[in-house]
Amino acid sequence: MKLSIYRYDPDKDAKPYMKDYDVQLEHSDRMLLDALVKLKSMDDSVAFRRSCREGVCGSDAININGKNGLACITKVADLPEHVTLRPLPGMPVIRDLIVDMTQFFKQYESIKPYVVNHDAPPERERLQSPDEREELNGLYECILCACCSTSCPSFWWNPDKFVGPAGLLQAYRFIADTRDQETAARLDNLEDPYRLFRCHTIMNCVDVCPKNLNPTRAIGKIKELMVKRSV
Amino acid sequence: MTNRIVTGAHYGLRDWLAQRITAVIMAVYSVITVFVLLTSKPITYGVWRDLFAQGWMRVATLLFMASLAWHAWVGVRDILMDYIKPAGLRLALEVLVLLTIAAYAGWTIQILWR
């Protein structure tokens, strides 16, 4: 397998450059992450994040042949012989394939990603009906890998102001939660030309999400609720 | 002054909704106009003049122009917000866009009721 890797070490390199590698895969190397781990044994200066290696932690999100995805659940068999790997687009590069996620998590924090309930906690738990719980499906599964937000041009142009698809998916996850009491404040927080309305519904987020979630639909539902409360 | 990031203008929903409603108005007008013109072949100067001599067509066209103006304003402002970073330059360009759109709207009224 031929890998072209984006290399950049700010301490040594004046500019980023692409480096080609020939990696001999064994029969057990099924996923792109396996190839990267093999590559690391050939050249230990290559830097990338990885942790759970099964699509749960979201650490190894990279740009694979121009499309964001998780290396650990991308099958080598589904890729062409020559694969180009770059860091997630639009984020400051720390080194090689590792990006600085500060801005991404700032946006995530800005939507208050937790249930806010001012009532005294019940003896056991706050209950939901099966239908109310059903609404959270397709929302809570997000692993915050940033594949979606970093494939969104609106997030590239305004990462400091636009919440981005990942943040907005989570915003709706808490707006939709019947145990949360801050719905109005959450909608107020998002009713802004930059924070929510930078989304122009191009659906790059849906195209790349490795968990097959649909941030565009969640954003649509937030807008729907805003319309509902103002007409 | 440090460059603080500020958001929270609390508008956007009305424009977003307006963009969709004006799009529907323009689509309906376009379909009706194409239908009227296709059913009155050949399209001569006379056909064109008779069509626009009717009050409903003038009002419909004015409604179309108003929709186009609002739609274009929201869309162009979105582009400026995405790509023009200095606030002063953005405001200047927004004023320019508004004046241009207002001029086109005035020109449309002049053409329709000449």
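**Exercise 1.** How many bridges join strand 3 of chain A to strand 5 of chain A, and do the two run parallel or antiparallel?

*Solution.* Keep in mind that this is a predicted model. Begin with residues 61–64, which form strand 3 of chain A, and residues 82–86, which form strand 5 of chain A. Two bridges join them, and they run antiparallel. Next, pick out one residue: A:Asn63 has A:Arg86, in strand 5 of chain A, opposite it.

**Exercise 2.** Find the order of the strands in the open sheet of chain A, and say which ones stand at the edges.

*Solution.* The five strands follow the order 2-1-5-3-4, with mixed pairing. Now look at the two ends of that order: strand 2 (17–22) and strand 4 (67–70) of chain A each have a single partner strand, so one side of each lacks a neighbour in the sheet. From one strand to the next, the twist averages 35 degrees. Finally, add helix 1 (residues 32–42) of chain A, which lies across strands 1, 2, 3 and 5 of chain A. Its angle to strand 1 (2–7) is about 70 degrees.

**Exercise 3.** Work out why A:Cys57 has no disulfide bond to A:Cys52.

*Solution.* A disulfide needs two cysteine sulfur atoms within 2.5 Å. The closest cysteine sulfur to that of A:Cys57 belongs to A:Cys52 and is 3.6 Å away, so the gap is too far for a bond. A:Cys199 is in no disulfide either, with its nearest cysteine sulfur, in A:Cys205, 6.6 Å away. Over all chains, the structure holds zero disulfides. As for surroundings, A:Cys57 is partly exposed, at 30% relative accessible area, whereas A:Cys199 is buried, at 12%.

Notes:
Residues are numbered from 1 along each chain as its sequence is written. Chains are lettered from A and ligands numbered from 1 in the order in which they are written. This is a predicted model: local features need pLDDT of at least 70, side-chain atom pairs count only at pLDDT 80 or more; totals for chains, interfaces and linings use all residues. Side-chain values use heavy atoms; hydrogens and water are left out. Buried means under 20% relative accessible area, exposed over 50%, partly exposed in between (1.4 Å probe, protein chains only). Two strands pair if DSSP finds at least two bridges between them. Helices (H or I, at least four residues) and strands (E, at least two) are DSSP runs, numbered from the N terminus. Axes are lines fitted to C-alpha atoms, for helices over the stretch in contact, and angles run from 0 to 180 degrees between N-to-C directions. Contact means heavy atoms within 4.5 Å.
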